[in-house]
Amino acid sequence: MGIFTRLSWFFKRRWRQYLSGVFALLLVAICNIVPPKIVGNVVDAVDQKSVSGVFLLSNMAVLLFVAIAGYLLRFAWQKMIYGSSFVLERELRSRLFVHFMKMDTTFYKKWRTGDLMAHATNDIDAVREVAGQGVLTLADSLITGLSMIVAMGMFVSWKLTLIAVIPLLLLAVMANVLGNKIHDAFLRSQGEFSNINNKTQESVVGIKVLKALGQEAEDEADFDAYVDDNIAANKRSYRLDAMFNPLTTLIMGLSYVVTIIFGGLAVIRQSMTIGQLVSFITYLAELTWPMFAIGSLFNILERGAASYDRIMELLDEKSSLVQTPNALKKIPDGNIDFNIAGFHYPDDESKALIGVHFKLLEGQTLGIVGPTGGGKSTIISLLMRDFDHYSGQIIVGKNDVRKYDLHAYLDKIGYVPQTNFLFSTNIRDNIRFANIDASQSQVEEASEIADLAADIENMPDKYDTEVGELGVSLSGGQKQRVAIARAILSDPKLLILDDSLSAVDAKTERNIEQRIAQKRQNGTTIIAASRLSSVEHADQIIVVDNGTIIEHGTHQQLLSQNGWYADTFNLQAKSAEIEGRLNDRG
Amino acid sequence: MTVAKEKANKTEVQSLTRKQQVTILKRLFHYAKFFKVQFFTAIVFAILLSIINVLLPRMLQYYMDHFLVHQSTGVRVVLIFATVYFIGTIIKAIVQFVQNFAFSMGAERTLEKIRSSLFHKLHTLGMEYFDKTPEGSIVSRVTNDTKTLYDFWNLFLTILVAAFAMVSAFIAMFSVSKVLALATAAFIFALYFVVWLYQHLSSKIYQKLREYLSQINTKLNESLMGISIIQQFGQQRRMTKEFEEKNRAYFGMRNKMINVNSFLLYPTISLMFTLAELVSLSGFGIQSMNTVVAAGVIYAFISYQQNFFNPLSDVMNYMSYFQDGLVAGYRIMKLFDDQTLAPRQHPGAQAKVTAGKIEFQHVTFSYVPGQPILKDISFVVQPGETVALVGHTGSGKSSIINVLLRFYEFGEGKILIDDQDIRDFSMKELRQKLGLVVQEPYLFYGDITKNIRMYDDSISDERVEQAAKFVDADNFIQQLSGKYHAKVVERGSSFSTGQRQLISFARTIVKDPKVLILDEATANIDPQTEQTITRGLTKMRSDRTTIAIAHRLSTIQDADQILVLNKGKIVERGNHDELIRNKGMYYELYQLQSMDQ
């Protein structure tokens, strides 16, 4: 029931709808009391052979009125209560989306996409069920149940009612015991289903390996083992689930037995008419539904509560990307002075950067190289303000980067990431992602610079070609070049290429770099790369390892230092040398 | 689910003819046949249940009409009757349980059978199918669509139970009063009209609803995957706006759906029931003015009437599952019918690969008829030799490997291994003796040993270790906590590309193939790891026939033979020095690449 308290903010806001919905339910319940009463009236009249035309007509008129009123009232509450629950669904979904949009890197490291999706789909559904089906079931079973009990007492006998209702208390015991077991069993079933999902996914993605190794049969056997586990888990769930209704039937049966005995004796002793007993049993039958409903109510509430907590846990996560009230809206430009004494990731105590210092003049190009995991990406991360907590400072122009308005700051950086993601729209809108109003000629110019224009001309619908998950699948190199074009079109003051041309051959990479340099005469560029030829022409190069700068200089200077840079360069160039010699011979 | 696919589904459903629907149902029922015991039990018990549901009120009626009207009836009789009634209730509870559980298990086993068959079917399909079908949709067929069938089967049980209950309730009513029973049945026609109206109004709304929901989820998924790009380019507001539009559209459609549901579904059944009650009460009332009518009779008739209408609301609630089930069934059957089968071997093929000689004789191949990818390819690789395939993207290099590994069926010509037709070898033999090293190494969930041995339990731990040592993977494995039993997470994402590559080398080499097929990695690996990998590859190649696709010419200079492909033809062949001297295409490619370095 706690979930109702937690959702009270919503119920308060929609109190009119809920109140009128519940009121309609109440009226429906009253309407429901009438037919058994009329049945009883008619039975008694028939029994006493006193049926007259007027009697029949008036009773039937009441019944007709009740039928139509009941229909309209049912329509009304469905609209009010279910309608409100979808308002809640929409609002929660919207809140989650807005929240996702402003969360920071730490958040996205912690939560996986599939997990976040599950929150925004299954969990929202479960909470909506509480606000719709849950409220309805609670109100309806209480109202129907109580009104039937009151009717039984008022129209027939309070004593008999009390006796007949006692066995129903067992339902609470059953709901508690069985409910918990079912809950656990369903959790296990869901787990097994996830396993099947993962297994299938893995086999489909790794199909080439499986085929090449000729392990189709073994893979099938493995899958079937998962299927068997799944059946076993579901069997338990279904067995428990199948016990719910029979147990309710038994408990209701006890009420009937009590009625048969005490009601029957009362009729024999003539302290009750046979018509009254018929009414009473008819009311009792009406009680069956609310009793069955209570079982499902607990289920809905429990699931809803768990889901609501999960959603709130997400919404409570704070983003470090908060705007300081008097942040500088002006566009950052000028020299970069990167001076970090120390930085560690929020989830890891060990230092990711120690004493990294470099200056980059406006219009210059900086190359960052070094072994994987050495700290290249961390430097870029801090420049991109993924994290704002470090000792030291990064100054762009005259100001600490943290003083800029984040939006204005990022707006002037063009970042091309290592891994690329295209949105499922046409290639034009992917390129002009940062500025959706850009003209076709701007898009074409950016494509030209990124060496992409020719590729696009070869696509079925040119710039209108749908890409992303649904459309034409682009090669790794093409995706990287789309990302470059996207960054170019945003006309950044600072362009950051984070190993972003790894899938493009060295020659094309060089062409793109040259064209970028031409187009951006005053633009500052930072290139992180594993291929040293990517940074050869940079104004300065830093070699980063173990979170610190181990070498710093131009290409020529670094070669003469005979350190990591020189070693790696020789290693990468070795094959080129051999080829060179062979060339001379040929 | 993606938007485009969802759109396709929409047209799929709309174009599903009656005949197709029947075919889908028939084929689904075929799988149910395997579990006829469960279904049969469930149906028999469902019939029993509806009989009990008729009998219990009948008993009460008898009790009232025969005992309660006499004041002479003693407490003993009342108690006996109560006991009998309770025994009846116990039987009803047991029958309810058996019916419910048996049907659940029947439905469960049927869907798991379909699921398993689908998975088996997948493994009969050729690479072509996997290359052209998005993986998400394949997974969805096997897991979600089969899951949908559970509710679908439940709909059938509900309909079946409802039918029995209604028929038996009708018979019971008929035995009490013929005229009133027929009058009650007349309401069914009214209901039929309501259902027709509901189907008519709801199916469009329902389809739209599903479409909007999938759009919402696609948008959400995409925004999460591309969050860094959205934030970096400051497009949060635009994305939120687009999302809100879809959210609003969905909400609007939801409201329409609620209107139709509340207007036509559950409230209608209650209305019908009360109206039917009105008719029968009037009937009994008028009747009683002329003849004697027993009180118990009225009670019994009214409760039969309730039994007649009650199951209908269940059926109405399950209505929406029908369409879902049909769509799921259609997609499943489409996968079952897919003819993109993996190439077949000759029946009874059992030739053995001994030396590892490979020969292509005038082989042609195309992915799309009329657009040949390989034209008249002929070459011979002697046992132990290395042949390198060189050429631009799309020149046909990968296709040669695809047909040699029987991922795709080739067209004309012959492929011979040890001078025997490739179709004369069993698939198992080919897989055992032809070892492929793929461009993008893929690791499976589990541990390192499992990933090297894969499912072949005949490979001992020692051999796994030997293989790893051979390709220099042992060094880094020894440093892992858990060593050979170190955990491998989904897709091996905790390992670097280089490490994954080494593990996949070990996986290939542990089978000791005669022929090695290398699709050289273009991935970006740091130079140190690359050296280790090159060393591993060199060792693997020694004493084995090797066919390698090379992207960097520097790595294949020692090949015995280099085939230069262009537009599906071999345009040059020879060793490195010969080709350089030729000053042809290879020379040009070579020049280009050395300039880059």
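The exercises below work through a predicted model with chains A and B.

**Exercise 1. Domains of chain A**

Task: State how chain A is divided and describe the side of domain 1 that touches domain 2.

Solution.
- Step 1. Domain 1 of chain A covers 1-156 + 292-318, and domain 2 covers 158-271.
- Step 2. Their C-alpha centres lie 23 Å apart.
- Step 3. Ten residues from domain 1 of chain A and eleven residues from domain 2 of chain A make up the contact.
- Step 4. On the domain 1 side, helix H6 (113-156) and helix H11 (274-316) of chain A each supply at least two residues. H11(A) gives the largest share of that side, six residues.
- Step 5. By type, the residues of the domain 1 side are six nonpolar, three polar and one charged.

**Exercise 2. The contact between the chains**

Task: Find how many residues each chain gives to the contact, and which helix of chain B gives the most to its side.

Solution.
- Step 1. Chain B contributes 119 residues and chain A contributes 125 residues.
- Step 2. On the chain B side, helix H4 (residues 75-124) gives the most, with 26 residues.
- Step 3. The chain B side divides into 66 nonpolar, 37 polar and 16 charged residues.

**Exercise 3. Helix H17 of chain A and the nonpolar core**

Task: Check the span of helix H17 (residues 476-489) of chain A, decide whether the helix is mostly covered or mostly open, and place A:Ala485 in the core.

Solution.
- Step 1. At 1.5 Å a residue, the 14 residues of H17(A) should span 20 Å. The end C-alpha atoms of H17(A) are 20 Å apart, so the expected and actual spans agree.
- Step 2. Twelve of the 14 residues of H17(A) are buried, so the helix is mostly covered. Among the buried residues are A:Gln480, A:Arg481, A:Ala485, A:Arg486 and A:Leu489.
- Step 3. The largest nonpolar core has 302 residues, and A:Ala485 is listed with B:Ile298, B:Ala506 and B:Ile517 as having the most contacts inside it.
- Step 4. Not counting residues up to four places away in sequence, A:Ala485 touches A:Ile431, A:Ala446, A:Ser447, A:Ile449, A:Ala450 and A:Leu452.
- Step 5. As general background, nonpolar side chains tend to be buried together in soluble globular proteins.

**Exercise 4. A sheet and two hairpins in chain B**

Task: Give the strand order of the four-stranded open sheet of chain B, name its edges, and describe the hairpins E1-E2 and E11-E12.

Solution.
- Step 1. The sheet has the order E2-E1-E4-E5 (chain B), with antiparallel pairing.
- Step 2. Strand E2 (371-381) and strand E5 (420-421) of chain B each have a single partner strand, so they stand at the edges, with one side of each lacking a neighbour in the sheet.
- Step 3. Strand E1 (residues 358-368) of chain B runs antiparallel to E2(B), and seven bridges join the two. B:Val368 stands opposite B:Gln371, and B:Val363 stands opposite B:Ile377.
- Step 4. E1(B) and E2(B) form a hairpin with two residues between them, and B:Gly370 in the turn has a positive phi of about 90°.
- Step 5. Strand E11 (residues 561-566) and strand E12 (residues 569-574) of chain B pair in the antiparallel sense over five bridges. Here B:Val564 stands opposite B:Glu572.
- Step 6. E11(B) and E12(B) also form a hairpin with two residues between them; B:Lys567 in the turn has a positive phi of about 45°.

**Exercise 5. Two aspartates with positive phi**

Task: Locate A:Asp491 and B:Asp419 and classify each as buried, partly exposed or exposed.

Solution.
- Step 1. Most residues other than glycine have a negative phi.
- Step 2. A:Asp491 has a positive phi near 50°, and B:Asp419 has one of about 65°.
- Step 3. A:Asp491 lies in the loop between H17 and strand E7 (494-498) of chain A. B:Asp419 lies in the loop between strand E4 (414-417) and E5 of chain B.
- Step 4. A:Asp491 has 18 C-beta neighbours inside 10 Å and therefore counts as partly exposed. B:Asp419 has 9 C-beta neighbours inside 10 Å and therefore counts as exposed.

**Exercise 6. The setting of A:Ile550**

Task: Describe the strand, exposure and contacts of A:Ile550.

Solution.
- Step 1. A:Ile550 lies in strand E10 (residues 548-553) of chain A.
- Step 2. A:Ile550 counts as partly exposed because it has 15 C-beta neighbours inside 10 Å.
- Step 3. Leaving aside neighbours within four places in sequence, A:Ile550 is in contact with A:Val543, A:Asp545, A:Gly563 and A:Trp564.
- Step 4. A:Gly370 is 180 residues from A:Ile550 in sequence, and their C-alpha atoms are 9.0 Å apart in space.

Terms used. Residues are numbered from 1 along each chain as its sequence is written. Chains are lettered from A and ligands numbered from 1 in the order in which they are written. This is a predicted model: local features need pLDDT of at least 70, side-chain atom pairs count only at pLDDT 80 or more; totals for chains, interfaces and linings use all residues. Domain bounds come from an automatic or database domain assignment. Two residues are in contact if their C-beta atoms, placed from the backbone, lie within 7 Å. Ala, Val, Leu, Ile, Met, Phe, Trp, Tyr, Cys and Pro count as nonpolar, Asp, Glu, Lys and Arg as charged, and the others, Gly among them, as polar. A nonpolar core is a set of buried Ala, Val, Leu, Ile, Met, Phe, Trp, Tyr and Cys residues joined through C-beta atoms within 7 Å. A residue is buried if 20 or more other C-beta atoms lie within 10 Å of its own, exposed if 12 or fewer, and partly exposed in between; C-beta atoms are placed from the backbone. The expected span of a helix is 1.5 Å times one less than its number of residues. Two strands pair if DSSP finds at least two bridges between them.
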